[in-house]
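Colleague: I should be grateful for a close look at a single part of this model. Please treat the part in detail and then place it within the chain.

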Amino acid sequence: MENRILGKSIAMLYRREQKYMIHKIKELGIGYSEYNFLFYLSVHPGSSQKDMCQHMAVDEALAVRVMKKLEEKGFIIRKKSEKNARLYEISLTEKGMKLIPQLKGYLCEWWGHVTSVLSKEEKSEVLSGIEKMAIQSEYVLKEMEQKGV
């Protein structure tokens, strides 16, 4: 029962954050998937689409659609990789970089409201535990794929 509550609570937080952010970013002319990729690229400039999909656990078809939209809007630039001619390195443009502080502000605002019921110690413990579980989940799935399950 405990595991069901954990999964349900994490899913609920995710959906509610998504709803909050969709409302906030609507004025910026971007969607939720675009927001996630912009955030990723702000931390990992020059990433390939494949790398982004693996680290963000998203479908490559979604990434293709989102990258196309972001490029058309002038938020990203793709450049052939010097290391691997089959890959494109994707980075934020100046226009894309200008969005990041606003996006971070919205996100901090959301989590500030949500975590206001926790002490500083509780926030730290929750964050640490969730981060460990996210990392472990990647290992579990890789192991499962290697076994062919």
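Which residues are buried in α1?

Modeller: This is a predicted model, and what follows should be read on that basis. In α1, the buried residues are Glu17, Tyr20, Met21 and Ile25. The helix itself comprises 24 residues and reaches 34 Å from its first C-alpha to its last, close to the 34 Å expected at 1.5 Å a residue. The cover over its buried residues includes α2 and α5.

Glu17 deserves separate attention. It is placed in helix α1, which covers residues 2-25. Glu17 is buried yet has no salt bridge. The nearest side chain of opposite charge to Glu17 is that of Arg15, 12 Å away. A salt bridge requires a nitrogen within 4 Å of a carboxyl oxygen, so a distance of 12 Å leaves Glu17 without one. Leaving out residues up to four places away in sequence, Glu17 touches Tyr32, Leu107, Trp110 and Trp111.

One of these contacts of Glu17, Tyr32, leads on to helix α2, which spans residues 32-43. The 12 residues of α2 should span 16 Å at 1.5 Å a residue, and its end C-alpha atoms are 17 Å apart, which agrees. The buried residues of α2 are Tyr32, Glu34, Tyr35, Phe37, Leu38, Phe39, Tyr40 and Leu41. Their cover includes α1, α3 (49-56), α4 (60-72), β1 (76-80), β2 (88-92) and α5 (94-114). Thus α2 is listed among the cover of the buried residues of α1, and α1 in turn among the cover of those of α2.

Glu34, one of the buried residues of α2, also has a contact with Lys73. Lys73 is found in the loop between α4 and β1. With a relative accessibility of 29%, Lys73 counts as partly exposed. Apart from neighbours within four places in sequence, Lys73 is in contact with Gly29, Ile30, Glu34 and Lys95. From Lys73 to Gly105 there are 32 residues in sequence and 22 Å in space, C-alpha to C-alpha.

Another loop, the one between α3 and α4, holds Ala57. The phi of Ala57 is near 55 degrees, a positive value in a residue other than glycine. Most residues other than glycine have a negative phi. Ala57 counts as exposed, because its relative accessibility is 69%.

In contrast to Glu17, which has no salt bridge, several charged residues elsewhere are paired. The count for the model comes to six salt bridges. One of them joins Glu71 and Arg78, with the closest N and O atoms 3.1 Å apart. Glu71 counts as partly exposed at 35% relative accessibility, and Arg78 is likewise partly exposed, with a relative accessible area of 27%.

Helix α6 (residues 120-147) contains Lys142 and Glu138, which are four residues apart and therefore separated by about one helical turn. These two form a salt bridge whose closest N and O atoms are 3.5 Å apart. Lys142 is partly exposed at 43% relative accessibility, as is Glu138 at 37%. Also in helix α6, Lys147 and Glu143 lie four residues apart, about one turn of the helix. The side chains of Lys147 and Glu143 meet in a salt bridge of 3.5 Å, N to O. Lys147 counts as exposed at 61% relative accessibility, whereas Glu143 is partly exposed, with a relative accessible area of 45%.

It remains to set α1 within the whole chain. The secondary structure comes to six helices and two strands, and from the N terminus on the elements run α-α-α-α-β-β-α-α. Along its principal axes the C-alpha trace spans about 50 × 45 × 25 Å. Of the 149 residues, 25% count as buried. Among contacts with a separation of 6 or more, residues 24 or more positions apart account for 52%. The chain exposes about 10,800 Å², of which carbon and sulfur atoms supply 57%. There are 25 positive and 20 negative side chains, and the centres of the two sets lie 4 Å apart.

Definitions and conventions:
Residues numbered from 1 in each chain as written. Predicted model: local features only at pLDDT ≥ 70, side-chain atom pairs only at ≥ 80, totals over all residues. Heavy atoms only, no water. Buried < 20%, exposed > 50% of the residue type's maximum accessible area, 1.4 Å probe, protein only. Lys, Arg positive; Asp, Glu negative; His and termini not counted. Contact = heavy atoms within 4.5 Å. Expected span 1.5 Å × (residues − 1). Areas by Shrake-Rupley, 256 points an atom, 1.4 Å probe, with all protein chains shown as cover. Charge placed at Lys NZ, Arg CZ, Asp CG, Glu CD.
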